[in-house]
Amino acid sequence: QVHLVESGGGLVQAGGSLRLSCAASGLAFRTYAMGWFRQAPGKERVIVAAISRFASTYYTDSVKGRFTISRDNVKNMVYLQMNSLKPEDTGVYYCAADERLGVADDYAFWGQGTQVTVSS
């Protein structure tokens, strides 16, 4: 059974930083693309960043230059380093896994989410 467990969320002031982590188990991690999605209150879940099995990366425009996605295929972990946080970055952040890299929220496996709140 696949498990994705996020951690690292919290409350931070605008301009601050957080590092999200996602621990994956039950899948051949190195063969999966991994994504981070965000769901703001009252809005749909959208892609923030993704990383392919070959470590190619994708970022949505609003986080380019501020967020960095990375993976550790030995530890079966994926990370999202978030710098220069803005109030509009607030939401529940989900880790997701799929055999293909994509930007839609149709990944095969999902974590339970971690709350990120950025105060102004």
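Start with a pairing in the middle of the fold: Ala96 has Trp110 of β10 as its bridge partner. That contact belongs to a wider match between β9 and strand β10 (residues 109-110), which run antiparallel and share two bridges. Keep in mind throughout that this is a predicted model.

**Strand β9 and its neighbours**

β9 has other partners too. With β4 it forms an antiparallel pair joined by seven bridges, and with β11 it pairs in the antiparallel sense over three bridges. Tyr93 is a handy marker here: it is the bridge partner in β9 of Arg38, and it also stands opposite Thr114 in β11. How much of β9 is buried? Seven of its eight residues are, so the strand is largely enclosed by the rest of the structure.

As background for reading the strands, side chains in a regular strand alternate between the two faces of the sheet.

**Two nonpolar cores**

The largest nonpolar core holds 27 residues, and Met34, Trp36, Val78, Leu80, Met82 and Tyr93 are the ones with the most contacts inside it. Strands that each supply at least two residues of this core are β3 (18-25), β4 (33-39), β5 (45-51), β7 (67-72), β8 (77-82), β9 (91-98) and β11 (114-119). The top contributor is β3, which gives four residues.

Tyr93 turns up again in this core, and its contact list is worth a look. Leaving out residues up to four places away in sequence, Tyr93 touches partners including Glu6, Leu20, Trp36, Phe37, Arg38, Val48 and Phe67. Leu80, Met82, Gly113, Thr114 and Val116 are also among the residues that Tyr93 touches.

There is a second, separate core of six residues, and Ile47, Ala50, Ala96 and Tyr107 are among them. So Ala96, the residue we began with, is part of that second core.

**The disulfide**

How many disulfides are there? The count is one. Cys22 and Cys95 make it, with their sulfur atoms 2.1 Å apart. The torsion about their S-S bond is about -75°, so the disulfide is left-handed. Cys22 sits in strand β3 and Cys95 in strand β9, 73 residues apart, so to speak a link between distant parts of the chain. Both cysteines, Cys22 and Cys95, are buried.

**Rings and a charge**

Five aromatic pairs are counted. Ring pairs tie Phe37, Tyr94, Tyr107 and Trp110 into a cluster. Arg45 lies over the faces of two of these rings, as the table shows.

| Charged residue | Ring | Distance from ring centre |
|---|---|---|
| Arg45 | Tyr94 | 5.0 Å |
| Arg45 | Trp110 | 3.7 Å |

**Two residues with positive phi**

Most residues other than glycine have a negative phi. Which residues go the other way here? Ala55 is one of them, with phi near 75°, and Ser84 is another, with phi near 50°. Ala55 is found in the loop between β5 and β6 (57-59), and Ser84 has its place in the loop between β8 and β9. Are they buried or exposed? Ala55 is partly exposed, at a relative accessible area of 47%, and Ser84 also counts as partly exposed, at 41% relative accessibility.

Definitions and conventions:
Residues numbered from 1 in each chain as written. Predicted model: local features only at pLDDT ≥ 70, side-chain atom pairs only at ≥ 80, totals over all residues. Heavy atoms only, no water. Core = buried A, V, L, I, M, F, W, Y, C linked by side-chain atoms within 4.5 Å. Buried < 20%, exposed > 50% of the residue type's maximum accessible area, 1.4 Å probe, protein only. Contact = heavy atoms within 4.5 Å. Disulfide = S-S within 2.5 Å. Phe/Tyr/Trp six-rings, centres within 6.5 Å; stacked < 30°, edge-to-face > 60°. Lys NZ or Arg CZ within 6 Å of the ring centre and 35° of its normal. Pairing = 2+ DSSP bridges.
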